[in-house]
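Reader: Please take one strand and its surroundings and go through them closely. After that, set the strand against the rest of the chain, and give the cut-off behind each term you use.

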Amino acid sequence: MCGILGIASRTHDVFAEIYDGLLMLQHRGQDASGIVTYTGEFFREKKANGLVKDVFNAQDADTLLGKVGIGHVRYPTAGSLSAAEAQPFFVNAPYGIYLVHNGNITNTAAQREKVTGKYSRHLRTTSDSEILLNVLADKVADAIKVNGNAEPIRNIFAGVKMTMERVQGAYSVICLIAGVGMLAFRDPHGIRPLSVAIRETENGGDDFAFASEDVAFGINGFNKMRDLRPGEAILIDLDGNMHEFQAVEGKLTPCIFEYVYLARPDSLLDGVSVYKTQMRMGQTLAKQIQESGLEIDRIIPVPDSARPVALEAAKITGIPYREGLVKNRYVGRTFIMPGQAERQKSVRRKLNAVPLEFDGHNVLLIDDSIVRGNTIKKIVQMCREAGAKKVYIASASPPVKYPNVYGIDMPTKHELIAHGKEVEEIRQELGADALIYQHLDDLIWAAKEGNPEIEAFDCSCFDGKYITGSVSKDYLDTLESSSRVSKKREDMQVPGGSWNAAKLASG
């Protein structure tokens with residue numbers, strides 16, 4: 001759950017445009033933000049914990065100079081939560097490379113050992129992104145030894161190829177390389193999204209941009225060209241020329257959870273509209289609602305990302321759609337509150353029930369997904385206190401039963417309410433009168449209908465099938481025992497200290 005962006009302009013400094021683009025990607029990460037620009041001689045960098053609007057200010061335009069730059073918004077899925085792990089990351093050789101990364105490396109331990117042992121590199125953080133950067137630097141250096149330094153683009157593409165052959169997991173990456181330009185590449189499975197866009201200039205020639213989602217392009221006048229292919233690298237040199245290279249042959253297997261929740265509904269990922277996918281999810285969910293035989297007076301979405309699903313389900317079933325939960329848009333992320341009384345208020349700070357929509361009614365709450373279940377449990381309680389006779393729940397996605405290891409912040413089975421449980425057990429734990437889950441086949445249909453050329457999706461958090469080769473039981477056990485996961489388990493005991501609570505903050 002990170003957002004990455006890169007812009008290469010022929011005519012003007014790009015800091016302001018990267019800032020605007022990162023605002024459009026803020027939903028992908030709210031913990032830290034970073035931007036680095038390149039003047040053609042020097043890098044200019046700023047990064048810190050916090051939202052984009054809090055980390056950067058107007059005065060930064062005077063210091064973050066350069067016609068090429070990259071940016072990052074972070075929601076950490078590996079490593080610690082410290083400001084030192086905010087991206088971009090930097091290595092000074094070869095060339096001098098800055099990197100931003102969305103995804104998660106799954107053979108981290110082996111790569112860390114090689115980087116720190118065989119190649120004698122010092123790592124400043126525990127982040128897998130820093131390991132990925134150092135692997136890339138090592139492989140580019142190896143290419144220079146073989147080819148010489150006369151053709152840097154050739155060496156960089158060779159380095160990307162060797163990196164892809166060595167690193168496993170999910171990675172969409174944008175780099176700034178001193179004296180060369182801006183590089184972007186995507187893992188051979190295309191798990192995390194990445195696309196390229198173009199903008200005509202008044203003086204002839206084109207500007208280019210890369211982003212996790214195409215919603216970051218329009219605000220700066222770019223038009224999306226296409227998604228990067230799995231295993232592909234693209235480099236924009238300092239003269240503004242675009243170089244394309246298929247580093248390894250890949251097979252597109254995008255993460256299906258992007259369409260459920262991570263991506264904005266106005267995004268188009270790998271030819272699939274997120275909004276239309278969510279509407280189709282509502283269509284298939286409507287069939288289950290009709291077959292359930294439940295007496296439902298109104299359908300109410302959990303704001304905001306469940307709205308397209310709920311609207312379509314209400315349309316098909318004929319059940320009235322109502323906005324019964326009002327979201328407070330002026331509350332930031334819910335941090336751990338001191339004292340039990342404060343903790344109990346955490347969800348109510350973000351949501352409030354409209355009593356007229358609940359009093360004496362049977363209501364169906366539709367949420368995009370149920371991960372830990374902490375928040376939806378509180379919402380059920382809120383609905384009952386508002387006078388609801390019965391409270392039913394429908395999840396637009398299947399039960400989340402398995403750890404996600406490809407860049408979504410739910411890497412441990414202990415976080416998942418559905419792990420090892422039947423639907424009836426989950427229903428009882430949530431305190432609902434009925435619980436309906438989307439079928440996995442229906443979810444796959446809803447996404448694939450947007451682009452029939454996609455043969456398969458990564459559905460690992462639903463079916464436990466990991467499409468890369470290094471997700472062993474030992475690796476999953478290592479995740480379970482990590483200090484960061486231990487800290488998150490403590491947070492799970494705190495209402496509001498959950499993945500779903502963060503979801504309410506980001507929408």
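Author: The account below starts with one strand, then moves to its partners and on to other parts of the chain.

This is a predicted model, in which local features need pLDDT of at least 70 and side-chain atom pairs count only at pLDDT 80 or more, while totals for chains, interfaces and linings use all residues. Residues are numbered from 1 along each chain as its sequence is written, and side-chain values use heavy atoms, with hydrogens and water left out.

The strand is β20, residues 390-395. Strands (E, at least two residues) and helices (H or I, at least four) are DSSP runs numbered from the N terminus. Five of the six residues of β20 are buried, so the strand is largely enclosed by the rest of the structure. Buried means under 20% relative accessible area, exposed means over 50%, and partly exposed lies in between, with a 1.4 Å probe and protein chains only.

β20 pairs with strand β19, residues 362-367, through six bridges, and the two run parallel. Pairing requires that DSSP finds at least two bridges between the strands. Within this pair, asparagine 362 stands opposite lysine 390 of β20. To get from β19 to β20 the chain passes through helix α11 (residues 374-385), and this β-α-β crossover is right-handed. Right-handed here means that, with the strands pointing away from the viewer, the path from the first strand over the helix to the second runs clockwise.

β20 also pairs with strand β21 (residues 434-437), again in the parallel sense, over four bridges. In that pairing, tyrosine 392 has alanine 434 of β21 as its bridge partner.

What touches isoleucine 296, not counting residues up to four places away in sequence? Its contacts (heavy atoms within 4.5 Å) are Ile289, Ile319, Asn362, Leu364 and Tyr392. Isoleucine 296 and tyrosine 392 are 96 residues apart along the chain, yet their C-alpha atoms are separated by 8.4 Å. Isoleucine 296 is found in the loop between α8 (274-292) and β16 (298-301), and counts as buried at 13% relative accessibility.

Another loop after β16, the one leading to α9 (307-317), holds aspartate 304. A cis peptide bond joins proline 303 to aspartate 304, with omega about 0°. A second cis peptide bond, with omega about 15°, joins glutamine 87 and proline 88; proline 88 lies in the loop between β4 (68-74) and β5 (89-91).

At the level of the whole chain, the division is into domain 1 (3-251) and domain 2 (275-328 + 346-452), with bounds that come from an automatic or database domain assignment. The centres of domain 1 and domain 2, taken over C-alpha atoms, are 36 Å apart. Ten residues from domain 1 and five residues from domain 2 take part in the contact.

Now the cysteines. The structure holds zero disulfides, a disulfide being a pair of cysteine sulfur atoms within 2.5 Å. For cysteine 459, the closest cysteine sulfur is that of cysteine 461 at 7.6 Å, which is too far for a bond. Cysteine 461 is in no disulfide either, as its nearest cysteine sulfur, in cysteine 255, is 6.3 Å away. Both are buried: cysteine 459 has a relative accessible area of 3%, and cysteine 461 has one of 2%. Cysteine 459 sits in the loop between α13 (440-448) and α14 (460-463). Beyond four places in sequence, cysteine 459 touches Ile256, Leu440, Ile444 and Gly464.

Last comes helix α15, residues 473-481, whose buried residues are Tyr475, Leu476, Leu479 and Glu480. Seen down the axis of α15, these fall within an arc of 145°, so they line one face of the helix; the arc is that of the directions from the helix axis to the C-beta atoms. An α-helix has 3.6 residues a turn, so residues three or four places apart point the same way. On the other side of α15, Lys473, Asp474 and Ser481 are exposed.
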